[in-house]
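Welcome, and please get your viewer ready. We will go from one selection to the next, and at each stop I will tell you what is there.

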Amino acid sequence: MNELLIIADPKLMDERSRWLEVLGQERRLSAHTLDAYERDTRQFLTFLTGHLGGPASIKDIQALRPADFRGFLAARRKDGAGARSLGRNLAGLRSLLRYLEKKGLVNAAGAGAVRSPKQPKSLPKPLSDTQAITVVSDEAQMHDEPWIAARDAAVLTLLYGCGLRISEALDLLPEDIRPGATALRITGKGNKTRLVPLLPIVGEAVARYRAICPYHLDAGSPLFRGARGGKLHAGIIQRGMQKLRSAFGLPDTATPHALRHSFATHLLAGGGDLRTIQELLGHASLSTTQVYTGVDSSRLLEVYDRAHPRA
């Protein structure tokens, strides 16, 4: 982060830095969430610089009213931020203010009195089973280097076959998937560990990649490598999926993460138990998993509309 871009009182900046450290070290928030909170609070302090006409201090934070927070949200909305971004902006600010309040530096009531923007209801958009099977195949990967094609196929097969997040797949080590293994131990969000079944087809896809990967896959090193031998980055897989969308005429919603949605939706459609699917996905709350019941219902209605003679 570049603190020089933020005009604020040094004490306030120091407290903000300590808050981010607490979130990362004690609460173990993901790097993605920390980056978002850093960005959200940086935007807020930048807004305050113009709003107050000078560097923001802890005393200024203490004096803020609900109208000041609403002014920030209105400015963000004017810049094009949607309801989800605004909700996260407010969550980050509340977290920082609660931290300052515990230290006796401010009263966080002002931000607490601001209602979070209403979030739009959106359902995950899975691929059909045929589309998912197509994009995870070796033959579909658009690379001249056979080992890179096998690598991308193995990563995408893990997303669809095991319901992994892309970060979880790319964090795997060679020793995490042993020959003949039937389960995979995954450490997901919040450092929570879960076991997921390792289907033979998934193990075979990883084995094909390992057999022709030109780099030594030593224990403790990344399993999936970039073209130069370093750890594979999510952006490479995402760009590869873009090419697959173009080649196979798939919608923009066909992303690597959509394969995880497809895993859950197809399990549910096949009679899978919602609680079991929750555990396989690593969701902390069943309510998060229940969104897939809406996806399945939507698909059933589409089939009905297309096929029923009275529809």
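In which helix is Asp152 found? Select Asp152 and you will land in helix H8, which covers residues 146-162. Keep in mind throughout the tour that this is a predicted model.

**Stop 1: Asp152 and its surroundings**

Stay on Asp152 and turn on a surface. Is this residue buried or exposed? Asp152 counts as buried because its relative accessibility is 2%, and the cut-off for buried is under 20%. Now show its contacts, setting aside residues up to four places away in sequence: Asp152 touches Gln141, His143 and Ile237.

Next, add Ile236 to your selection. Ile236 has its place in helix H11, residues 234-248. Draw a distance between the C-alpha atoms of Ile236 and Asp152, and you should read 9.0 Å, although the two are 84 residues apart along the chain. Ile236 is partly exposed, with a relative accessible area of 32%, whereas Asp152 is buried at 2%.

**Stop 2: Ala150, also in H8**

Remain in helix H8 and pick Ala150, which has its place there. Ala150 counts as buried, at 4% relative accessibility. Which residues is Ala150 in contact with, leaving aside its neighbours within four places in sequence? Display Asp138, Ala205, Arg208, Tyr209 and Ile212 to see them. For a distance label, choose the C-alpha atoms of Ala150 and Ala207: the separation is 9.3 Å, for residues 57 apart along the chain.

**Stop 3: Glu204 in H10**

Move to helix H10, residues 200-212, and select Glu204, which has its place in this helix. Glu204 counts as partly exposed because its relative accessibility of 45% falls between the 20% and 50% cut-offs. From the C-alpha atom of Glu204, draw a line to that of Ala154: they are separated by 8.5 Å, with their positions 50 residues apart along the chain.

**Stop 4: the pair H4 and H5**

Now hide the rest and show helix H4 (residues 66-78) with helix H5 (residues 83-102). The two pack at an angle of about 145°, and their axes are 10 Å apart. Rotate the pair to look at how they pass: H4 passes H5 in a right-handed crossing.

Which residues of the two helices meet? On the H4 side, show Phe69, Phe72, Leu73, Arg76 and Arg77 as sticks. On the H5 side, do likewise for Leu86, Asn89, Leu90, Leu93 and Leu97. Colour this contact by residue class, and you will find seven nonpolar residues, one polar and two charged.

While you are in helix H5, select Glu101, which lies in it. Glu101 counts as partly exposed, at 36% relative accessibility. Not counting residues up to four places away in sequence, Glu101 touches Val106, Asn107 and Ala108. The C-alpha atoms of Glu101 and Gln62 are separated by 9.3 Å, and these residues are 39 apart along the chain.

**Stop 5: H12 from end to end**

Select helix H12, residues 256-269. Its 14 residues should span 20 Å at 1.5 Å a residue, and the end C-alpha atoms are indeed 20 Å apart, so the two values agree.

How many of the residues of H12 are buried? The helix is mostly covered, with 11 of its 14 residues buried. Among them are Arg260, His261 and His266, together with Leu259, Phe263 and Leu268. Step just past H12 and check the backbone of Gly271, which takes a positive phi of about 100°.

**Stop 6: two cysteines**

Select Cys162 and Cys213 next. Cys162 is buried, with a relative accessible area of 1%, and Cys213 is buried too, at 10%. How many disulfides does the structure hold? There are zero.

**Last stop: the overall view**

Bring everything back and zoom out. The protein chain has 15 helices and two strands. Of its 311 residues, 41% count as buried. Finally, take the contacts between residues at least 6 apart in sequence: 61% of them join residues at least 24 apart.

Methods. Residues are numbered from 1 along each chain as its sequence is written. This is a predicted model: local features need pLDDT of at least 70, side-chain atom pairs count only at pLDDT 80 or more; totals for chains, interfaces and linings use all residues. Side-chain values use heavy atoms; hydrogens and water are left out. Axes are lines fitted to C-alpha atoms, for helices over the stretch in contact, and angles run from 0 to 180 degrees between N-to-C directions. Helices (H or I, at least four residues) and strands (E, at least two) are DSSP runs, numbered from the N terminus. A crossing is left-handed if the near helix is turned anticlockwise from the far one by less than a right angle, and right-handed if clockwise. Contact means heavy atoms within 4.5 Å. Ala, Val, Leu, Ile, Met, Phe, Trp, Tyr, Cys and Pro count as nonpolar, Asp, Glu, Lys and Arg as charged, and the others, Gly among them, as polar. A disulfide is a pair of cysteine sulfur atoms within 2.5 Å. Buried means under 20% relative accessible area, exposed over 50%, partly exposed in between (1.4 Å probe, protein chains only). The expected span of a helix is 1.5 Å times one less than its number of residues.
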